[in-house]
Amino acid sequence: MDKRSNLSLDPQLGCPTPEGRDNEYPARAPEGSSGARLKEAQERAWAGQIVAMPRRKTSVLRPQTEQAKTVEPAKQTEVFRPKGYDYLGILHERMEGDMSRIFNGEMLYPRQLEFHLASDGKQPCNFHCGHCQGSMGDQSLDLDTNKVLNLIDLIAGRTEYVIFGGQYTEPTLDHQLLDCLTRVKKYGSNFGLTTNGSLLKRLEESRGFLSGLCEIAEDGDYLTLSLDAGLPESHRRSKNTQEYWFDEIIEGLRLLCSIKARTGSPLTIRVCYLLNRWNMSEAEISNIVKIARGLPLASLRFSVPYAIYGHKFSRVRRYRDRWELPTSSEAQQLLEPYVSQDQSELPYIFYFGPEHQNVDRMNFNQCVHGYYQITVAADGYVYRCSSIAQPLFSWGRLGPIPETREELETMILRNQDRSFDCSICFEHGARCNRVALETNTWYDSVYGGDSAP
Ligand SMILES: C[S@@+](CC[C@H](N)C(=O)[O-])C[C@H]1O[C@@H](n2cnc3c(N)ncnc32)[C@H](O)[C@@H]1O
Ligand code: SF4
Ligand code: SF4
């Protein structure tokens with residue numbers, strides 16, 4: 001098993017850094033920054049939100065009044081986000097418009113079931129990104145993909161989405177991935193696949209993977225490519241690899257897009273770009289934007305990596321103040337000429353700011369994320385959520401991968417528990433992802449404290 005021995009922790013910021021580059025990534029503040037300049041950068045960063053027009057008002061996500069409790073959350077989201085990023089609206093839809101069903105004791109299938117396949121069972125991933133969220137702790141690979149197929153059969157379309165992503169794993173390394181996706185489609189659910197894209201071209205050449213993907217895809221199915229670079233050298237550094245993979249990934253992406261165009265497949269293709277010191281230049285951004293605009297992509301999303309999971313909040317705050325906020329400020333300036341001005345623009349190019357991952361907003365008690373998802377991790381256990389889905393957070397396990405629907409439903413119900421106290425997560429350095437932060441914040445603002453039903 002690959003323990004990422006070539007990664008070391010940045011002693012100051014608690015972020016993984018490629019060996020020998022401890023001071024390069026990500027400890028960077030604007031050059032010559034004084035306290036005043038840093039403060040200004042922070043204020044701009046927090047004000048920035050999503051850099052797309054029109055700009056988002058944060059207050060819309062925190063309804064505080066009695067009146068707010070009766071307003072449909074979806075309608076409170078005033079500003080456009082691409083489909084799939086309006087988390088509160090998605091939860092609201094899943095609850096069939098009735099948020100009072102939350103914690104009423106009824107077992108409700110969550111919106112999505114997420115799998116972190118065990119890659120090829122030998123190495124978690126073929127890349128070693130310095131930012132990889134799950135790079136701390138034991139990276140067990142004990143999930144049997146046949147049990148994944150069995151669970152998809154048991155669920156039989158009861159969750160709207162089945163997602164294949166990872167904490168520290170790469171799903172395309174699993175030889176049964178296309179079988180899993182095909183099984184999801186058999187029951188009429190949508191699939192989502194998040195990949196580093198390295199094997200797209202090779203898998204098409206060896207077994208027609210991309211053709212198969214386009215063939216089975218229906219409206220709502222998506223592939224997200226975590227590209228994180230605009231040129232080959234920054235890609236190699238971001239992914240911490242010896243070889244250059246960028247050109248092959250772009251070829252794979254082009255191949256996928258050409259198959260999609262030829263077959264008329266409705267597969268949605270998104271590209272994500274985490275900003276770091278190597279990939280934040282005019283040349284990098286203009287190149288990726290040029291590539292993206294020449295392809296039938298749905299979106300190109302830029303963001304700043306959050307601190308990896310497992311560190312104390314004090315360390316995460318240091319990382320935020322010294323890296324995320326100054327970088328965010330710089331990123332907004334750099335991206336301003338490129339971000340979409342119109343909702344209908346394709347690909348929709350936008351920036352998602354770090355306020356969506358701010359630990360200081362994680363001050364709620366109840367977790368409603370069990371209505372949105374449940375996660376099967378690469379170690380073969382079911383976890384409360386994807387951001388704690390690794391053995392480091394074994395206290396968050398709901399049990400081994402279920403073999404009957406009864407076992408599964410018992411786990412889902414345990415994950416929809418008002419008495420589960422989020423502070424257990426926060427005390428262990430586990431943090432909500434963007435979806436959970438948004439929905440838990442909303443629930444707390446409406447039903448938290450004295451308003452608890
Ligand atoms: C851990 S990866 C697993 C799937 C696949 N290996 C990949 O890279 O797409 C899942 C997603 O988490 C994102 N991710 C990983 N570490 C992150 C961090 N520190 N901050 C923000 N996103 C992160 C990746 O970019 C990717 O989109
Ligand atoms: S490609 Fe994905 S799983 Fe692999 S190291 Fe990078 S973020 Fe982690
Ligand atoms: S980390 Fe957040 S989303 Fe996950 S179980 Fe804890 S409170 Fe819920």
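1. Residues 24 or more positions apart supply 78% of the contacts in the chain with a separation of 6 or more; a contact here is two C-beta atoms, placed from the backbone, within 7 Å. Keep in mind that this is a predicted model: local features need pLDDT of at least 70, side-chain atom pairs count only at pLDDT 80 or more, and totals for chains, interfaces and linings use all residues. Residues are numbered from 1 along each chain as its sequence is written, while chains are lettered from A and ligands numbered from 1 in the order in which they are written.

2. The chain has 15 helices and 12 strands (DSSP runs numbered from the N terminus: H or I of at least four residues for helices, E of at least two for strands). Of its 453 residues, 50% are buried, meaning 20 or more other C-beta atoms within 10 Å of the residue's own.

3. Now the inside. The largest nonpolar core (buried Ala, Val, Leu, Ile, Met, Phe, Trp, Tyr and Cys joined through C-beta atoms within 7 Å) counts 109 residues, and Leu117, Val148, Phe164, Leu213, Val376, Val382 and Tyr383 have the most contacts inside it. Helix α15 (residues 434-447) gives the most to this core, seven residues. Leaving aside neighbours within four places in sequence, Tyr383 touches Thr375, Ala377, Ile388, Ala389, Gly396, Arg397 and Leu398.

4. Helices α7 (residues 200-207) and α10 (residues 246-263) have axes that come within 7 Å and cross at roughly 55°, with axes fitted to C-alpha atoms over the stretch in contact and angles running from 0 to 180 degrees between N-to-C directions. So α7 is oblique to α10 (that is, neither under 35, over 145, nor 65 to 115 degrees). On the α7 side, Leu200, Lys201 and Glu204 meet Glu248, Glu251, Gly252, Leu253, Leu255 and Leu256 of α10.

5. Ligand 1 has 18 residues around it, the closest being His131, Gln133, Gly166, Ser226 and Pro305; a residue counts if its C-beta atom, placed from the backbone, lies within 6 Å. Strands β5 (190-195) and β7 (268-274) are the elements that give two or more residues to this shell.

6. Around ligand 2 sit Cys125, Phe127, His128, Cys129, Cys132, Gly166, Tyr168, Thr169, Glu170, Asn196 and Ser226.

7. Ligand 3 is surrounded by Cys367, His369, Arg384, Cys385, Ser387, Ile388, Cys422, Cys425, Ala430, Arg431, Cys432 and Ala436.

Methods. Buried ≥ 20, exposed ≤ 12 C-beta atoms within 10 Å, placed from the backbone.
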